[in-house]
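Me: Got a two-chain model open here and I'd like to talk it through. Can you walk me through the interface, the salt bridges and the cysteines?

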Amino acid sequence: MNKREIIENKLLGEKLVRIRHRSGLDIYVLNKEFTEYTAFFGTRYGSCDSTLTDSNGHTSTVPAGIAHFLEHKMFESPDGEDVSAGFAALGADANAYTSADTTVYLFTCTERFYEALELLIKMVTTPYFTPENVKKEKGIISEEIRMCRDSVSDALHYLLMGAMYGEHPAAVPIAGTVDSISKITPSLLYACYNSYYRSSNMVMSVCGRIDPDEVERVVDRALPGKETPKVIFDRHKDTIECARKRAEREMEVSIPVFRIGIKYPEGDFPAACQVLSEILFGECEELYCSLYEKGLLSENYSYGYACRRTAPYFAAGGDSDDPEAVFEAFCEYAGRLRERGVSAEALERARRVMYADALKSLDSAEAAESIFDSAILGMEPLGRAEEFLAVTIEDVNALAGRVLSPERFAMSVVYPKAAENKKSVKKI
Amino acid sequence: MEIKSVLVAPGVDLSVIPSEKFKSNYFSLNFLLPLSEENITRCNLLSAVLIRGCGKYPTSAELGRHIAMLYDPDISVRTVKTPYTLIFRVNAYFLDNRFIPEKAGEDIFEDILSLLSELLVFPLLENGGLKPSYLAIEKKNQLDRIRSRINNKNSYALYRCERLALGDIPYACDALGTPEELEKATPESLYKLLRAILEKSRLHIVYSGSYKEGYREKITRFAKLLTAERNEEDIIPIPKLVLPVDAESVRDEAECIDAFQSRLVLAYSMGKAPENTAPLQIFNEIFGASPVSRLFMNVRERLNLCYYCSSVQQSALGIMYVVSGISAENRERVIKETELQLKELCDPDNITEEDMKNAVESLLSAYRTLSDSPISYTEWVISREISGRSTDTDKYVSEIKAVTKKDVAGVAKKARLKINYFLNGVAERGPDE
């Protein structure tokens, strides 16, 4: 039997229907008066899930990039057709992405929603891997890997993850390397699929002018199976200390680019973490403003708390002529917050900023994404906005006392190539 | 979606897109200026300096904290380049009163208008110019932005090809400005530019979202405050669109860069932009803009030569770019296949009913969803108004639906390769490869 629950939030003026499908799948339906329909269907399986456990309990490591490779291959059906064409025929635009801890398939459309939803479920539940189609994909993904190797932000991210988490799969690019994907075979793909693509490990969220009964009928038809066993994840045993304080490299950039990270493997109290991140790194707070005034930071700056199942962290980064001076100022400011606590004014600003952010995330058909992101982490999808307003100064100060300790801090920097190594743009 | 347009001051019109379905509202001021390197450089600088502080909130911290307490409206001042004109754009995207806990009964839009007035009418001045220390920092930041263009190899390759394709038309001015013009800007010249924008630029105001009683009067008062010193006859007209000159032969350009992947950008001349762009849009969907396009299905899926390969139209200027990230040894194969797919579309018999149906559905679907976002719909309205195209939604839909296979083939036949730009990635790939 399927179970249904209605979650209502009067302040937000939203009603969310949660259906626990008999297969173990959690489905969220948000009815919105939008023209566009959006559906997200994903699994708790990402690049950090780098091991497989067989029926005898034997654990083995799989090639880096296999979750992402699997995502690409799910678009191919046994009849040899690319499923994208099926979506296009329904007027739907389908896509997918893989992160450190999830793989997500999605589509948007303005008509024929239920047909597109059925196609999405069929696609995600019909793996089809052959030596030929696996070989073909290696060419495409190799080019994607090369493109990502040229990305400065990717370089900063993986350097920082390596500095904080050491030999953790979070420090390896999501798409893997050209070498690692060369080891991927159809049988490995099937093994990963069967281990992680189980209904009980998956979440679906849909948004638009949607009838929950019809969604239930579609899922019943397309996903008739019984409840699947839960996935047991291989947990990494992370310490709170960073593996290294620094990770650097040179690339074709004009000025140094940096990212400061705070390792937080505990990953608890997500609302307070986001509020603390705003107080620490926010663009109207002391650290950013003072560094901007000194010309050490520009508006090319971003920050946040990466709330995720594996290897969570705080980070802030941008361009600077002197990343070491930025790091020093950060350590000094973090130390002060830890010792003296945050001010009531800064807390109120941060609460308001995060509240507005949560509301805006529900203000378009992309609300399905916001709901998916919360649900896949086991958080209450409509509760985030009010959780931010409810964060107290005691919550933040207790968190700051734990989080803002120097052994958790690290920085990655990409420096411009030294003149002797430079192959800057030249006519050929 | 209903659009109501009225003139609220000399050279100032207001378009309102009322909707109650959002939690946030969008208010956008669009000052139009002629395209030039001087204007674009100075507008970029002005945007950055104005958001640093104003008379009432003189530092970034004070201004930022005031904004945060208003439940963090996105306030932005930006410079946008279009083929027709330069837009000095000031936006506010703010929560509606209904969702602001302690604001019940009050109107946050008043606070937004007041803040925008402070930024534009009462900026932070020192000795008759904008604050010199802010300008000095923003000059450096802008110079860094110009130099860091090379950091993103995909957009850098497109930028280089675009420069070659546009020649010396006004739209060819660099979107970030030039170091030479940066050098010339002074606190006084920037303040003078701000005053000139307020006094002489045509201004399109758009409000999208919950439009309450009395808002028209509030916006009119605000517009009059901004433009208090303007005379109708001083308003700067928008110059006529200038198109690039078509070269007789294909220009081959190649540069090398320290990157793992090479980027190929082909620029095609598509002939003079037609009044009705629907056939061009349908062609673009079928040729290279969708996940079932000819380029995607052949260059990527059949030949496995790339991760991305797509077409981008600059319809007003009659230019199409085909962009891809490839390994250097595949360059000729990608060019050959692109040309082959283009040639195929020159024959209407090679275009299927399914191609046409998918393309029409994709465009109409994208169009319908504009009404789901106050920002997207506002930007669509502004771009149509600036280019002198109708915002009549029924007309748009019927034009898209009326396109035939013959029309699409007609667009393909006009395409002529103009620039073949190759950014050769020469980084050593190492043992991993």
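Reply: Sure, we can go through those topics in turn, keeping in mind that this is a predicted model.

Me: Interface to start with. How many residues does each chain put into the contact?

Reply: Chain A brings 71 residues and chain B brings 72 residues. The area buried between chain A and chain B comes to about 6400 Å², and carbon and sulfur atoms give 53% of that.

Me: Which three residues supply more of chain A's buried area than any other three?

Reply: That would be Asp150(A), Arg352(A) and Lys360(A). Together they supply 11% of the area that chain A buries against chain B.

Me: And how many salt bridges are there between chain A and chain B?

Reply: The count is 9 salt bridges between chain A and chain B. One of the residues just mentioned takes part in a salt bridge to chain B: the side chain of Lys360(A) meets that of Asp74(B), at 3.7 Å from N to O.

Me: What about polar contacts across the interface, how many residue pairs?

Reply: There are 33 residue pairs in polar contact across the interface of chain A and chain B, counting pairs with both residues at pLDDT 80 or more.

Me: Which element of chain A gives the most to that side?

Reply: H4(A) does, with 9 residues on the side of chain A that touches chain B. Helix H4 covers 131-149. Other elements that give two or more residues there include helix H2 (83-89), helix H12 (344-360) and strand S15 (426-427) of chain A.

Me: How does that side of chain A split into nonpolar, polar and charged?

Reply: It has 26 nonpolar, 13 polar and 32 charged residues.

Me: OK, salt bridges over the whole thing. How many?

Reply: A search of the whole structure gives 56 salt bridges over all chains. Among them is Glu5(A) with Arg18(A), whose closest N and O atoms are 3.0 Å apart. That pair ties strand S1 (residues 3-9) of chain A, where Glu5(A) sits, to strand S2 (residues 14-20), where Arg18(A) sits, and the two residues are 13 residues apart.

Me: I noticed Asp49(A). What does it form a salt bridge with?

Reply: Asp49(A) pairs with Arg309(A), with the closest N and O atoms 2.9 Å apart. Those two are 260 residues apart in the chain. Asp49(A) is in the loop between strands S4 (37-43) and S5 (51-53), and Arg309(A) is in the loop between strands S12 (301-306) and S13 (313-319).

Me: Are those two buried or partly exposed?

Reply: One of each. Asp49(A) counts as buried because its relative accessibility is 9%, under the 20% cut-off. Arg309(A) has a relative accessible area of 23%, so it is partly exposed.

Me: Got another pair for me?

Reply: Try Arg246(A) and Glu324(A), whose closest N and O atoms are 2.6 Å apart. Arg246(A) is in strand S10 (residues 246-251) and Glu324(A) is in helix H11 (residues 323-340), 78 residues apart. Arg246(A) is partly exposed at 23%, and Glu324(A) is partly exposed at 33%.

Me: Which residues do shared partners join into one network?

Reply: Lys73(A), Glu76(A), Lys136(A), Glu137(A), Arg300(B) and Glu301(B) are joined into one network by salt bridges that share partners.

Me: Switching to cysteines. How many disulfides over all chains?

Reply: The structure holds 0 disulfides over all chains. Take Cys192(A): the nearest cysteine sulfur, from Cys48(A), is 14 Å away. Cys192(A) is also buried, at 1% relative accessibility.

Me: And why is Cys306(B) in no disulfide?

Reply: The nearest cysteine sulfur, that of Cys309(B), is 4.8 Å away, and the cut-off for a disulfide is 2.5 Å, so the pair doesn't count as one. Cys306(B) is buried, with a relative accessibility of 0%.

Me: Last one, Glu14(A). What's around it?

Reply: Glu14(A) lies in strand S2 of chain A and is buried, at 5% relative accessible area. Its side chain makes a polar contact of 2.5 Å with that of Lys32(A). Leaving out residues up to four places away in sequence, Glu14(A) touches residues including Ile7(A), Leu30(A), Leu362(A) and, from the other chain, Lys23(B).

Methods: Residues numbered from 1 in each chain as written. Chains lettered and ligands numbered in written order. Predicted model: local features only at pLDDT ≥ 70, side-chain atom pairs only at ≥ 80, totals over all residues. Heavy atoms only, no water. Contact = heavy atoms within 4.5 Å. Buried area = accessible area lost by both parts, 1.4 Å probe. Salt bridge = Lys/Arg side-chain N within 4 Å of Asp/Glu carboxyl O. Polar contact = N/O pair within 3.5 Å; in protein donor to acceptor, adjacent residues only side chain to side chain. Helix = DSSP H or I, 4+ residues; strand = E, 2+ residues; numbered from the N terminus. Nonpolar A, V, L, I, M, F, W, Y, C, P; charged D, E, K, R; others polar. Buried < 20%, exposed > 50% of the residue type's maximum accessible area, 1.4 Å probe, protein only.
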